[in-house]
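Subject: Structure handover

Hello,

Here is the structure for you to look at. My notes follow below it.

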Amino acid sequence: MKKFALIGQPLSHSLSPSIHRAAYHHMQLLGRYELLETAAEQVEDVIELVRTGEIDGLNVTIPHKVAVMPFLDAIDEDAIAIGAVNTIKKVGNQVIGYNTDAEGFKESLLERLHINTVREQRVLVIGAGGAARAIVHTLGKDGAVLTIVNRTMSKAEDLAAMYPFDVTVLTIEAAEAMLNQFDIVINTTSVGMSSFTNASPIKLNQLASSTLVCDLIYNPLETTLLKEAKSRGNATLNGVGMLVNQAALAIEIWTGQKPNRKLMEVTLVSEVR
Ligand code: ATR
């Protein structure tokens with residue numbers, strides 16, 4: 001029996017066990033996926049369980065995605081650039097950290113647009129926190145043309161300065177006025193999560209009809225931003241695909257096998273509804 005776990009705090013609302021268990025069942029993988037509610041001072045001890053082989057793989061969520069990094073023997077180069085780890089595995093005698101979040105989002109984006117690359121896509125990223133950092137890295141290294149806006153503009157400027165490629169920073173008002181210049185708009189902020197329900201992070205008046213509007217939020221399945229985009233006739237993408245794909249990519253790292261993503265998605269959506 002393989003043992004996998006999610007560490008974070010709080011975890012009681014996590015949907016990861018459902019989607020992992022559905023995947024393992026379909027793959028006929030004898031594995032358990034447990035929630036390990038972990039305080040900051042316990043992080044090192046839990047990683048030790050991977051080193052001793054008691055745990056075969058870890059997922060990491062808020063607030064430990066950065067805190068786990070010093071305790072790992074090696075970190076994948078994308079996870080280093082993103083500055084956060086969400087998947088851990090022992091390879092040989094090394095405990096290694098990976099990040100599958102942004103790659104998971106990129107795969108759902110490519111699938112939604114029926115394209116093979118984001119190269120030359122003009123992307124507006126709303127937000128300048130951890131999620132934005134990951135998305136900008138992953139889309140930028142593949143040649144997307146990126147612009148960031150954020151409530152606190154200085155944070156967007158600091159973020160843009162971190163990359164080896166050009167990233168434009170605009171005020172939210174300036175981006176709103178030239179919204180028709182973007183092929184893809186992505187909300188990475190928490191604006192639109194259940195507690196803010198009616199808020200939208202950007203006004204869509206100038207949106208072109210061909211622009212895909214994305215939100216990393218998966219609960220609710222449709223944020224105010226996505227509702228407004230849809231009512232204008234635009235295509236939309238929520239965070240379900242990202243959550244499913246990051247889990248699927250973690251399973252691939254741990255087992256070398258590809259799980260059934262459609263089944264995982266159906267499981268997730270039924271839990272959110
Ligand atoms: P995450 O890791 O999910 O990206 P984070 O690093 O805390 O979380 O970043 C949160 C992002 O959401 C930031 O861009 C934040 O804007 P500020 O930098 O101005 O704080 C944004 N955000 C959170 N609440 C917001 C709100 N009510 N209105 C606008 N932006 C908000």
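**Helix α1 and its neighbours**

The buried residues of α1 pack against five elements: β1 (2-8), β2 (31-37), β3 (57-60), α9 (240-255) and α10 (261-272). Bear in mind that this is a predicted model.

Which residues of α1 are buried? They are Ser16, Ile19, His20, Ala22 and Ala23. These residues sit on the same side of α1, because they cover an arc of only 160° around the axis. The helix runs over residues 16-27. Its 12 residues should span 16 Å at 1.5 Å a residue, and the end C-alpha atoms are 16 Å apart, so the two agree. Glutamine 28 follows α1 and has a positive phi, near 55°.

**The protein as a whole**

The secondary structure consists of 10 helices and 12 strands. A compact globule of 273 residues would have a radius of gyration near 19 Å; the protein has 19 Å, so it agrees with that figure. Along the principal axes, the C-alpha atoms fill a box of roughly 55 × 40 × 35 Å. Of the 273 residues, 42% count as buried.

Now the contacts. Take those between residues at least 6 apart in sequence: 63% of them join residues at least 24 apart.

**Around the ligand**

How many residues surround the ligand? There are 15. The closest are Gly129, Gly130, Arg151, Thr152 and Thr189. By type, the shell divides into 5 nonpolar, 8 polar and 2 charged residues. Helix α5 (residues 130-140) gives the most to this shell, with 3 residues.

**Helix α9 and the loop before it**

α9 is one of the elements that the buried residues of α1 pack against. It is mostly covered itself: 12 of its 16 residues are buried. The buried set starts with a run: Gly241, Met242, Leu243, Val244, Asn245, Gln246, Ala247, Ala248, Leu249, Ala250 and Ile251. Trp254 completes it. From first C-alpha to last, α9 reaches 22 Å, close to the 22 Å expected at 1.5 Å a residue. Glycine 256 follows α9, with a positive phi near 75°.

Glycine 239 lies in the loop between β12 (236-237) and α9. Is glycine 239 buried or exposed? It counts as buried, because it has 24 C-beta neighbours inside 10 Å. The cut-off for buried is 20 or more. Leaving aside neighbours within four places in sequence, glycine 239 is in contact with Asp215, Leu216, Ile217 and Tyr218. Leucine 170 is another matter: 69 residues separate it from glycine 239 along the chain, and their C-alpha atoms are 24 Å apart.

**Helix α4**

α4 covers residues 101-113. At 1.5 Å a residue, its 13 residues should span 18 Å; the end C-alpha atoms are 19 Å apart, which agrees. Its buried residues are Asp101, Ala102, Gly104, Phe105, Lys106, Glu107, Ser108 and Leu109.

What covers the buried residues of α4? The cover includes three helices, α3 (77-82), α5 and α9, along with the strands β11 (212-215) and β12. Two of these came up above: α5 contributes to the ligand shell, and α9 packs against buried residues of α1. Histidine 114 follows α4, and its phi is positive, near 55°.

Best wishes

Technical notes. Residues are numbered from 1 along each chain as its sequence is written. This is a predicted model: local features need pLDDT of at least 70, side-chain atom pairs count only at pLDDT 80 or more; totals for chains, interfaces and linings use all residues. A residue is near a molecule or strand if its C-beta atom, placed from the backbone, lies within 6 Å of it. Helices (H or I, at least four residues) and strands (E, at least two) are DSSP runs, numbered from the N terminus. Ala, Val, Leu, Ile, Met, Phe, Trp, Tyr, Cys and Pro count as nonpolar, Asp, Glu, Lys and Arg as charged, and the others, Gly among them, as polar. The expected span of a helix is 1.5 Å times one less than its number of residues. The arc is that of the directions from the helix axis to the C-beta atoms. Two residues are in contact if their C-beta atoms, placed from the backbone, lie within 7 Å. The radius of gyration is taken over C-alpha atoms; the globule rule is 2.2 Å times the number of residues to the power 0.38.
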